[in-house]
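Reader: I should like to learn how individual features of a protein model are read. Could we take them one at a time, with the general idea ahead of each case?

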Amino acid sequence: MKQPVLLLFAVLFFSYSWAQKGSVTGKLTDTTGKQPLAFATVAIFHAKDTVLVSYRLSDPAGAFKVPGIPVDDSFRVIITHAGSAPYRRTFMLTPGKTELDLGVLKLEPDARMMEEVLVVAERPPVLVRRDTIEFNAEAFKTLPSALVEDLLRKLPGVEVDETGNITVNGRKVNRLYVDGKEFFGSDPKMATRNLPANIIDKIQVTDDKDQLAQNPDIAPGQVGQVINLKLKKAIKKGWFGKAYAGAGTDERYEAGAIANLFRDTLQVSLLGYTNNLNRPGFGFSDINSIGGFNRSGINSMMVMSDGGFALNGVSFGGTGQGIQRSGGGGININNQFGKKLTVNLQYFYGEINSNVQQLTNRKQFFGDTTMITSNRSMDDNTNYTHRIAGVVKWTIDSLSTLELRPSLGFVKLQGQNDMNYHTSDNYNPTLNESRNRQRTRNNSTEFGQQLFYRKNFRKKGRNLSVFGDFRLSGNDNNLYNDVENSFMENQQPVTTYLNQLRARALHNEAVSVHINYTEPVSKKLSLQFSERFEQFSNRDNIHTYTTGNNEEYDVPDESLSNGFKRAGVRNNVRGALVFTHKKLSVTPGINYQLLHINNSFEKNMPVQQRFNYILPSLNIRYDQFQVNYSVNAAEPNVNDLQPVEDNTNPIFIQMGNPFLKPSINHAVNLNFYKYNMKTSTNYNAYLYGSISKDAIIRSRTIDAKGVQVSTPVNANGIWFLQASMNISKQLKFSNAWKFTYGGRIWANYRKGLIILNEKRSVTDNISLNPGLNISFNWQDKFEWRQNYGLGWNKAYYRNNGFPGLNVLTHNSGSEIIVRMPKHWVWESSVNYLYNPQVSPGIQKSALRWNAAVNFLFLKEDKGQLKLSVYDLLNQNITVYRQVSENYINDVETNILRRYIMLTFTYNIRNLGGKVGGKERLFMF
């Protein structure tokens, strides 16, 4: 009986204690009493030591309520509003009177700066100045070792996800400045994950005016944010970075170092790394910023779910499958000359070796036949990459800017792939077998030069932008094949051999100029004109050789050799009318597109193509809702036009089609975005639909031996519909607790066409992927994240000769981080994958559990010793199932299994300090 009584007493005690919290309410207006003052800051401080207790912002009607104020203690309320004199009052709440109603307060106008009328201790935690939100860093307490990222997580309306991406009131932060200047590029994570929180004085948030200038029709809810960190006066130079090294079981290792130095306008970055852990040596933000890609430009990007990534075709580790060894190094220099000129130069070298062992089972269904093709492959390749790039930014005057972005890249690839195929069906245990040994030698070079010119005129709304782009690339690829095939004929195996070299040389040139001009006619009406002119040239020469008596590849095979050249001109002229009224914007437009292409071949007759299109467009925006309709024409890929048979895999032969037409795509986009600042709730919905004419699909044939031949053809009636919706809500309890939860759903529908052995069937492919996620944070000492996702894929066929296909997958992830006791950090993450329908011999489920313990030591916790266990249960696998056309693919790939790693990391942060003296590591 004692325990229930004690429990009841505890509940009553805490309920009573919670009841002894009071509130302050009121309403703010100007001196006339007619104009409410929105977004004023109402802050409650302890009267004795000016420690912030709580605060709120007034709503659009000027009303406010600050809850959670203890009774029987003395407090001071300070109300601040830009352009108004501050209001002060000392008060005390009692158990008998837990609410203080200040009534209607008429704030007097005051043109002085807020800093002139408030002492430092009374500075409000949040101040709204027209289009700028300003946070007082001192009002948000963080741990001594906290970084800017930890400080931002304390701010109301600010969210920082686990990858470091920042949103303010639901809108993405595009750039982050330090004292009004870029800090090692435009990636916000460069500063948030390296600068200590205790050197920050203020955080200022504004709309991204550059994004608005480049896209005046963008919906307000889609305009990004820009953060400016105001440093304390003593901090103007320094250096930071880290170095780490680790070793583990199964000969696992990792090592790397990164150093970043800044002094006034000069910034220098150095990095180097190596590991065999299937991951990059540094995060994406480090490579993007320090590697200089955010300054020299990103033309292509690939990001893997486990953190690996590639930029501009350069892999930095963890992008491929199997087991990888990666290494790299680079330097980035950025300097601002005066206030108008900034120059950046970057060089990076990367090397990655991949060892992939894969089991693939493909089941194809047609009529009463089920054909199964299995392949066991082993692939070992090494990629070497050099990249040089730079940026020159010139602010010509207050209205004009010019940018030049040159880049140069070299890539060398060497690899060997061994493939073993076996094909059967439900009538024949063996249709064919193939043993294919391939060796690849590839060299490629790419040069690019981009030019950006932007000019805003003094007349509001009038602007001009010019974008120029020049691309020159070459690729030489030698593919050696040694193949032994066995086909069943009359129930007897017939063996064939292939020993050849396929030498392919690709050369591409492209020059384009894109001009945009906007002319305002009235306050509500403006005209937009644009022209995009592009001239392109592609050469694709294929020469195939077999071995002679001397076993050299010197005997030409003319049947598998050809040369192809495409030269063309594309010109698109667009005119649009922009009508705006309050929250509504309507932009109808008309495009005229000219496309002239000349295709010439060494052995085939030339093909000339002349196309002229008149293509409409429409953009409608109302508040946070936007609809866009557009039509575009795109010519076929060079690989699809080459008429030479690709027989490098005799079981799967690829053909080209020089008579392909350009595809015409009609597309509609719908976007809805809303962020409720009062409830910290974010809503986001997206819908995309398209209908294609002359879309390029693959027509396939399968003969009695199981050999497949694929040819690209044009097809009409290809539909695609994609929709997604996300809802998230954040709850903050003072500065100690934060709870975030949300849900998402992603779905798509594709109406396609399958052509197999000249039989046609319309296909309906539906995918549905709902998911849930929650996270909890208590004073950064305890963090918990949980997510669950479901994947469902269903394929229907209008032709009864193809049976319907169905795929269902489950995935879940959990992560816990505990930063207690002092100097200790405990980590645990669990990922669960379940594929109930995979083929026999392939594992259905896997539970990957990673765990680690960290010990922080040395001054300011700069030293870190980490003991980690990857795949604690030794169950990790990579398995996925794919539905396409009339087949299901099941793929299982080798992957890292359990290992133990001990890593030491030294974090360098030397910022500010005493004036004078010498830097011990680097000096300028």
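Author: Let us begin with a feature of accessibility. The model is predicted. In it, Trp824 counts as partly exposed because its relative accessibility is 33%, a value that lies between the limits of 20% for buried and 50% for exposed.

Reader: With which residue does Trp824 form an aromatic pair, and how is that pair described?

Author: A pair of aromatic rings is described by the distance of the centres and the angle of the planes. A search of the whole structure yields 18 aromatic pairs. In one of them, Trp824 pairs with Phe855 in a tilted arrangement, with 4.8 Å from centre to centre and 45 degrees between the planes. The two residues are 31 apart and the pair links distant parts of the chain: Trp824 belongs to strand β45 (residues 824-834), and Phe855 to strand β46 (residues 845-857). Phe855 also counts as partly exposed, because its relative accessibility is 30%.

Reader: Which residues form one aromatic cluster with Trp824 and Phe855?

Author: Trp826, Phe857 and Phe904 join Trp824 and Phe855 in one aromatic cluster.

Reader: Which charged residues lie over the face of Phe457?

Author: Lys455 lies over the face of Phe457 at 5.3 Å from the ring centre. Arg462 also lies over the face of Phe457, at 5.8 Å from the ring centre.

Reader: How many helices and strands does the chain have?

Author: The chain has eight helices and 50 strands. Of its 924 residues, 46% are buried. Among contacts between residues at least 6 apart in sequence, 63% join residues at least 24 apart. The chain exposes about 45700 Å², of which carbon and sulfur atoms supply 57%.

Reader: I should now like to read a sheet. What is the strand order in the open sheet of four strands?

Author: In a regular strand the side chains alternate between the two faces of the sheet. The open sheet of four strands here runs in the order β3-β2-β5-β6, and its pairing is antiparallel. Its edge strands, each of which pairs on one side only, are β3 (52-57) and β6 (87-92). From one strand to the next, the twist averages 20 degrees.

Reader: How many bridges pair β5 and β6?

Author: Strand β5 (residues 74-80) pairs with β6 over six bridges, in the antiparallel sense. Two positions can be followed across this pairing. Arg76 has Thr90 in β6 as its bridge partner, and Val77 stands opposite Arg89 in β6. The hairpin of β5 and β6 has six residues between the strands, and Gly83 takes a positive phi near 90 degrees there.

Reader: Gly83 is a glycine. Which residues other than glycine have a positive phi?

Author: Most residues other than glycine have a negative phi, and most peptide bonds are trans. Asn757 is a case with a positive value, its phi being near 50 degrees. Glu758 likewise has a positive phi, of about 65 degrees, although it is not a glycine. Asn757 is placed in the loop between β41 (737-756) and β42 (759-778), and Glu758 has its place in the loop between β41 and β42 as well.

Reader: Why does Asn757 count as partly exposed, and why is Glu758 exposed?

Author: Asn757 counts as partly exposed because its relative accessibility is 33%. Glu758 is exposed because its relative accessible area is 76%, where the limit is over 50%.

Reader: Where is there a cis peptide bond?

Author: A cis peptide bond joins Met820 and Pro821, with omega at about -10 degrees. Pro821 lies in the loop between β44 (805-818) and β45.

Reader: Finally, I should like to consider residues that are separated in sequence. How far apart in space are Val268 and Gln346?

Author: Val268 and Gln346 are 10.0 Å apart in space, C-alpha to C-alpha, and 78 residues apart in sequence. Val268 is found in strand β18 (residues 266-275) and is buried, with a relative accessible area of 16%.

Reader: What is in contact with Thr360, leaving aside its neighbours within four places in sequence?

Author: Thr360 lies in strand β23 (residues 341-366) and is buried, with a relative accessible area of 16%. With those neighbours left aside, its contacts are Thr373, Ser374, Asn375, Asn889, Asp890 and Val891. Thr360 and Tyr421 are 61 residues apart in sequence, with 9.4 Å between them in space, C-alpha to C-alpha.

Terms used: Residues numbered from 1 in each chain as written. Predicted model: local features only at pLDDT ≥ 70, side-chain atom pairs only at ≥ 80, totals over all residues. Heavy atoms only, no water. Phe/Tyr/Trp six-rings, centres within 6.5 Å; stacked < 30°, edge-to-face > 60°. Buried < 20%, exposed > 50% of the residue type's maximum accessible area, 1.4 Å probe, protein only. Lys NZ or Arg CZ within 6 Å of the ring centre and 35° of its normal. Contact = heavy atoms within 4.5 Å. Areas by Shrake-Rupley, 256 points an atom, 1.4 Å probe, with all protein chains shown as cover. Pairing = 2+ DSSP bridges. Axes fitted to C-alpha atoms, helices over the stretch in contact; angles between N-to-C directions.
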